[in-house]
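Me: I would like to work through the packing of this model, one contact at a time. Please give the reasoning before each answer.

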Amino acid sequence: MSEQLIVPTMAELMAEGKTPDILFWVGSAGSYDDRAKKITKAFVKILNKAKVNFAVLGTEESATGDLAKRAGNEFLFQMQAVINIEVLNGYQVKRIVTCDPHSFNCIKNEYPGLGGNYEVLHHTQFIKELITSKKLEIKDSDFKSKRITFHDPCYLGRANSEYDAPREVLKTLNATLLEMKRSKSTALCCGAGGAQMFKEPEKGDKDINELRTEDALETKPDIIATGCPYCMTMMSDGVKVKEKENDIKVMDIAELIASSQNL
């Protein structure tokens, strides 16, 4: 790799007696899924560019337990959550940022009941904060002439009522933003939520991700923007099913921002 990404771990910083301003929660998808790793790298490039004092847990990070809970295994969820909370509290973590709305929702809304109280931000909320505070300056981008439609992740939008941050970040690219007929509070799921990602779809006329991709294609986009690694997989698969992968890109908002600034 030509670029040098700076990714300190909490353990390293603590050994030096330093405390980061934020903990970047990478999440299982961002750590292991090859496509989602690109989102993780794009976000780290943004953090490095904006000189954010952050750290990751590294090998001390475990799955949030979200998937276990959604699939009905409350016992496994609580075991996974308590282990993570012990690590986070041990490091006295206050602010957490993640690119995964599932981790975001789980740590924000379900960890407090088990003793984990943190300020949790989705990466689009944090990027918006960086732009607003002028820590990240968005100069002219290559996306000016592009048509972009944003797919709302369920766990960011309908579960946590955050519709503005991703759109406000996208607006800085000066592209043409197009809303699907089903968007914001009426948005359709990509088909992967609630642990559905890891099972075969039930019998029916059409897979959910195909239906959602059709919503996106109606806007005639150049780019389908996402803010979730699961949505990324489902929308990318949908574009392939429609044989449009040569014409339409599926990109995370972090990737769009990083790419626009040649990071």
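Me: Is the crossing of H3 and H11 left-handed or right-handed?
Reply: H3 and H11 (residues 253–260) are helices, that is, DSSP runs of H or I with at least four residues, while strands are runs of E with at least two, both numbered from the N terminus. A crossing is left-handed if the near helix is turned anticlockwise from the far one by less than a right angle, and right-handed if clockwise. By that rule, the crossing of H3 and H11 is left-handed.

Me: On what basis do these values rest, and which pLDDT do local features need?
Reply: Residues are numbered from 1 along each chain as its sequence is written, and side-chain values use heavy atoms, with hydrogens and water left out. This is a predicted model, in which side-chain atom pairs count only at pLDDT 80 or more and totals for chains, interfaces and linings use all residues, whereas local features need a pLDDT of at least 70.

Me: Which class of angle does H3 make with H11?
Reply: Axes are lines fitted to C-alpha atoms, for helices over the stretch in contact, and angles run from 0 to 180 degrees between N-to-C directions. The axes of H3 and H11 come within 8 Å and cross at roughly 50 degrees, which makes the two helices oblique to each other. The classes are roughly parallel under 35 degrees, roughly antiparallel over 145, roughly perpendicular from 65 to 115, and for the rest, oblique.

Me: How many charged residues are in the contact of H3 with H11?
Reply: Contact means heavy atoms within 4.5 Å, and here Arg35, Lys38, Ile39, Ala42, Phe43 and Ile46 in H3 meet Ala254, Glu255, Ile257 and Ala258 in H11. Of these, 7 are nonpolar and none is polar, which leaves the charged residues, and their number is 3.

Me: How far apart are the axes of H3 and H7?
Reply: Two packed helices are described by the angle between their axes and the distance between the axes. For H3 (residues 34–49) and H7 (residues 123–132) the angle is about 25 degrees, and the distance between the axes is 11 Å. That angle makes H3 roughly parallel to H7, and their crossing is left-handed. The value asked for, the distance between the axes, is 11 Å.

Me: How many polar residues are in the contact of H3 with H7?
Reply: In this contact, Phe43, Ile46 and Leu47 of H3 meet His123, Phe126, Ile127 and Leu130 of H7. Ala, Val, Leu, Ile, Met, Phe, Trp, Tyr, Cys and Pro count as nonpolar, Asp, Glu, Lys and Arg as charged, and the others, Gly among them, as polar. The contact has 6 nonpolar residues and no charged ones, and the number of polar residues is 1.

Me: How many residues of H7 are buried?
Reply: Buried means under 20% relative accessible area, exposed over 50%, and partly exposed in between, with a 1.4 Å probe and protein chains only. The buried residues of H7 are His123, Thr124, Gln125, Phe126, Ile127, Leu130 and Ile131. H7 also lies across S1, S3 and S4, running at about 90 degrees to S4. The helix is thus mostly covered, and of its 10 residues the number buried is 7.

Me: Which strands stand at the edges of the sheet that contains S1?
Reply: Two strands pair if DSSP finds at least two bridges between them, and the open sheet of 4 strands has the order S2-S1-S3-S4 with parallel pairing. The edge strands, each pairing on one side only, are S2 (54–55) and S4 (119–122).

Me: Which residue in S3 is the bridge partner of Leu23?
Reply: S1 (residues 22–25) and S3 (residues 95–98) pair in the parallel sense over 3 bridges. Ile22 and Phe24 point one way from S1 and Leu23 and Trp25 the other way, and all are buried. Within this pairing, Phe24 stands opposite Val97, while the partner of Leu23 is Ile96.

Me: Over how many bridges do S7 and S8 pair?
Reply: These strands belong to an open sheet of 4 strands with parallel pairing, in the order S6-S5-S7-S8. S6 (176–178) and S8 (249–252) stand at its edges with a single partner strand each, so one side of each is left without a neighbour in the sheet. Ile223 has Lys249 as its bridge partner in S8, and the number of bridges between S7 and S8 is 4.

Me: What is the relative accessible area of Thr226?
Reply: Thr226 has its place in S7 (residues 223–226). Leaving aside neighbours within four places in sequence, the contacts of Thr226 include Phe150, Cys231, Met235 and Val250. Thr226 is buried, because its relative accessible area is 0%.
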